[in-house]
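Here is a short briefing on fold, symmetry and core. Please look over the sequence and the structure before reading on.

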Number of protein chains: 2
Amino acid sequence: MSNSLPSRSENFAEWYNQLVLKAELADYAPVRGCMVVRPYGWALWENIKEALDKRFKATGHVNAAFPLLIPMSFFEKEKEHVEGFSPELAVVTHGGGEKLAEPLAVRPTSETIIGYMYAKWIKSWRDLPVLINQWGNVVRWELRTKLFLRTLEFYWQEGHTAHATAEEAEEETRRMLDVYTDFAINEAAVPVIPGVKTESEKFAGAVRSYTIEAMMGDTKALQAGTSHFLGQNFAKAFNIQYLDKNNQLQYAWTTSWGLSTRFIGAIIMVHGDDKGLVMPPRLAPIQVVIVPIYKTEAERAEVLEAADRIRRELAERFRVKLDDRDNLTPGYKFNDWELRGVPVRVEIGPRDLAKGTVALARRDKPGREGKTFVPQEGLVDTIAQLLDEIHNSLYERALAFRNAHIHEPKDYEEFKEVVQNGWAYTYWCGDPECEANIKAETKATTRCIPLEGDSAEGHKCIYCGRPAKYKLYFAKAY
Amino acid sequence: MSNSLPSRSENFAEWYNQLVLKAELADYAPVRGCMVVRPYGWALWENIKEALDKRFKATGHVNAAFPLLIPMSFFEKEKEHVEGFSPELAVVTHGGGEKLAEPLAVRPTSETIIGYMYAKWIKSWRDLPVLINQWGNVVRWELRTKLFLRTLEFYWQEGHTAHATAEEAEEETRRMLDVYTDFAINEAAVPVIPGVKTESEKFAGAVRSYTIEAMMGDTKALQAGTSHFLGQNFAKAFNIQYLDKNNQLQYAWTTSWGLSTRFIGAIIMVHGDDKGLVMPPRLAPIQVVIVPIYKTEAERAEVLEAADRIRRELAERFRVKLDDRDNLTPGYKFNDWELRGVPVRVEIGPRDLAKGTVALARRDKPGREGKTFVPQEGLVDTIAQLLDEIHNSLYERALAFRNAHIHEPKDYEEFKEVVQNGWAYTYWCGDPECEANIKAETKATTRCIPLEGDSAEGHKCIYCGRPAKYKLYFAKAY
């Protein structure tokens with residue numbers, strides 16, 4: 001296997017594709033647009049799952065599993081939903097050798113079937129709120145696909161909740177957006193901007209969609225997680241009703257929110273460099289790799305013994321791997337683990353044994369700059385600190401990069417220029433036609449109206465010059 | 001909700017169906033034969049997953065995710081496999097509004113697509129063994145369905161491994177059977193008999209299938225987990241080849257092994273009683289429930305405060321719930337948690353506060369027999385011991401029940417009688433025709449030739465009287 005990648009500046013798309021394959025995160029499946037998530041990629045996803053699941057449970061949610069197959073007629077029940085999703089459905093028409101009376105869709109998302117079940121389960125205000133999440137796979141028949149970012153089948157979690165009041169549902173929608181924001185920043189070291197989607201970009205069937213938007217290493221935007229306030233749209237479509245404290249029948253208010261394997265794409269594109277992946281320490285499948293260095297057989301035995309002792313000590317607290325492959329040189333191993341983005345490399349050789357030291361190399365600062373020589377004594381604490389430092393450093397670097405590529409253009413001419421290599425944070429009148437024209441002319445779409453943004457009062461739409469309603473982000477996006 | 005169930009002796013099937021619904025483990029989905037696994041059922045499955053996953057990782061396996069959709073032509077590549085699975089396939093014929101050039105099967109199991117990927121990944125003996133497991137959903141178009149036991153879609157894990165030699169693959173197959181046996185006994189308190197399937201009962205495409213067989217509360221058998229030695233069948237069908245140490249191209253040897261949500265059915269039917277579920281303590285979603293008992297408002301405040309303190313203490317070590325619902329009587333709550341099978345109930349009232357005690361009730365021994373009064377001091381240790389005791393007691397009870405219902409009939413007349421309400425452990429010549437006749441005449445099928453069984457030497461086939469080759473179990477089965 002050759003480790004050499006195209007450089008990011010030269011060909012970002014090819015750098016990404018080759019990196020995903022060479023680092024063995026994923027591979028192409030025999031069916032067009034489908035992927036295989038390989039063990040190293042899946043281990044990353046398992047860590048993402050664990051970090052999110054802990055947060056979901058801490059906010060009172062429980063997991064369940066709803067069926068993969070949904071009657072086609074269910075999609076018809078919510079007008080915007082069917083328009084949004086029916087072009088993307090994979091349809092099962094035959095089962096057990098026979099043609100089905102009603103074709104079944106492979107779920108593209110589960111609002112409909114979960115709405116149907118909630119209508120069955122929810123009777124009284126005492127049954128509310130219902131706070132259920134599902135980890136699973138969904139299928140959307142996409143035409144242009146890219147590993148992790150857009151595949152026919154992908155993996156995600158979808159939360160679906162039902163509440164007695166609009167206020168509670170809205171609060172839940174925002175709470176889960178906060179959970180995603182907290183996860184992105186504090187687990188993945190990915191800076192995100194939480195905000196509201198415009199009408200044209202919202203989820204099909206939602207009243208209001210919230211998003212966290214992240215800037216990738218090529219300055220394009222990626223919608224990294226979404227949370228939807230569904231109002232009573234699905235409650236009315238599926239008849240989710242409850243008796244309130246006054247014994248009156250009321251429709252429930254629902255939400256849904258999801259984060260998918262797409263987020264792995266964000267991690268790759270935010271942190272990766274020309275040498276390969278740079279895994280954020282808290283999610284890294286392997287946090288520390290130990291590479292033993294020796295020449296003679298006698299050295300080998302001694303060094304491996306010490307390396308294995310260190311491995312055992314570190315394993316109490318970290319995900320650690322000792323690379324004891326005897327057919328590869330240390331140099332090859334260094335490259336290999338750099339490609340895979342392991343945050344910290346521990347090197348140990350005969351001289352370290354004598355001195356009671358090891359060399360530590362930081363993946364986020366390859367070369368001399370990131371290398372230190374530290375005592376073996378207290379190594380667990382040293383590495384714990386170093387991992388935190390790497391986390392913070394990755395976050396700060398990504399934040400600085402993002403801030404350097406967000407512009408406030410003075411006019412539409414400048415707008416057109418800045419969105420070629422960055423985001424525009426600017427004013428819009430709120431007219432979908434301006435939004436559509438901007439998209440057609442520049443390929444930049446509205447990303448979000450930030451929750452903590454500037455007022456648009458007294459400003460003019462960057463496109464048409466009419467009074468602005470919003471100040472929001474525009475960018476080319478994945 | 002009425003808690004009353006039909007009794008097990010009266011109508012075991014109805015007892016089972018109503019219990020699954022009333023305990024809110026699962027519900028029927030709108031598509032025939034599909035189920036919704038509700039939060040309480042899914043929490044049980046998550047505990048099963050964790051207990052198994054830990055064992056898989058300890059034996060060197062890693063997780064990955066392979067696609068849901070498999071080209072139909074893949075099934076044709078292995079002759080027995082296509083015969084076994086093509087009648088059960090759900091088929092996607094349309095995607096994105098268009099008819100597909102080649103229809104896709106929703107995976108019923110993944111040997112084919114994983115074989116295809118292994119052929120791509122495995123080049124040299126250094127790449128072996130490949131030890132991958134997948135947690136996911138599969139679809140088999142079954143005609144007669146039953147919640148958890150046989151549903152169109154179900155959840156499982158499927159391990160798929162590739163090895164350099166037949167011996168290693170066979171060893172892996174047996175190792176995973178041991179893992180399932182250990183899990184069943186030590187986590188689920190379900191006694192199982194590990195053994196080999198006959199030719200007619202083996203997995204479609206396997207050389208040899210191993211199984212763990214459990215006896216349900218109605219004496220029927222349930223195949224609770226299987227491990228298959230696939231020989232080179234799939235390696236040849238998908239061209240999984242590697243260069244050995246002598247640079248010779250060799251076919252790999254593969255295995256597959258799986259355990260599914262079916263196992264939840266086993267837990268229900270092995271341990272449950274007329275009052276409802278009896279959860280094995282190590283897998284129970286809630287291990288301890290605390291029911292506060294009070295009459296006046298003043299008592300309520302005091303008791304709830306103490307109950308919450310105890311909850312916090314217990315939560316350090318157990319999955320615990322404080323039932324503080326104020327619209328229900330303690331009696332109602334007792335029944336409710338008995339229905340749901342929580343292993344230990346802690347009752348605390350005003351008199352306990354004064355004495356510094358609580359009452360403990362064991363779910364496996366409802367009524368006076370299982371009730372003790374213990375000090376609040378040291379409660380964590382008391383309960384830890386009690387949970388172990390309940391685990392052992394459940395296992396011993398199930399084992400005694402099974403042993404009491406295994407018979408060694410002296411002739412075929414007696415055989416026909418014993419398999420009406422138990423298993424026959426008896427002799428067979430090995431002729432598939434005898435096996436088929438027995439099945440047609442009695443509905444009893446061969447369950448397994450036990451790994452640690454008696455010799456058949458010198459004995460005669462229970463059906464035809466010719467010399468016996470095997471001593472094995474026959475039973476009616478789910």
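In this predicted model, 68% of the contacts in chain A with a separation of 6 or more join residues 24 or more positions apart. Of the 478 residues of chain A, 51% count as buried.

**Fold of chain A**
- Chain A holds 14 helices and 23 strands.
- Its radius of gyration is 25 Å, close to the 23 Å that the globule rule gives for 478 residues, so chain A is as compact as a globular protein of that length.
- The C-alpha trace of chain A spans about 80 × 60 × 45 Å along its principal axes.

**Symmetry and interface**
- A turn of 180 degrees and a shift of 0.0 Å along the axis lay chain A on chain B, with an RMSD of 0.0 Å.
- The two copies are therefore related as by a two-fold rotation axis.
- In chain A, A:Val92 has the C-alpha nearest the axis, 2.1 Å from it.
- Of the interface residues of chain A, 100% are also interface residues in chain B, so the copies meet through the same surface.

**Nonpolar core**
- Nonpolar side chains tend to be buried together in soluble globular proteins.
- Here the largest nonpolar core has 306 residues.
- A:Val190, A:Ala214, B:Val190 and B:Ala214 have the most contacts inside this core.
- Leaving out residues up to four places away in sequence, B:Ala214 touches B:Ala184, B:Val190, B:Pro191, B:Val192, B:Leu222, B:Ala224, B:Ala266 and B:Val270.

Technical notes. Residues are numbered from 1 along each chain as its sequence is written. Chains are lettered from A and ligands numbered from 1 in the order in which they are written. This is a predicted model: local features need pLDDT of at least 70, side-chain atom pairs count only at pLDDT 80 or more; totals for chains, interfaces and linings use all residues. A nonpolar core is a set of buried Ala, Val, Leu, Ile, Met, Phe, Trp, Tyr and Cys residues joined through C-beta atoms within 7 Å. A residue is buried if 20 or more other C-beta atoms lie within 10 Å of its own, exposed if 12 or fewer, and partly exposed in between; C-beta atoms are placed from the backbone. Two residues are in contact if their C-beta atoms, placed from the backbone, lie within 7 Å. Helices (H or I, at least four residues) and strands (E, at least two) are DSSP runs, numbered from the N terminus. The radius of gyration is taken over C-alpha atoms; the globule rule is 2.2 Å times the number of residues to the power 0.38. Copies are superposed by least squares on the C-alpha atoms of residues with pLDDT of at least 70 in both.
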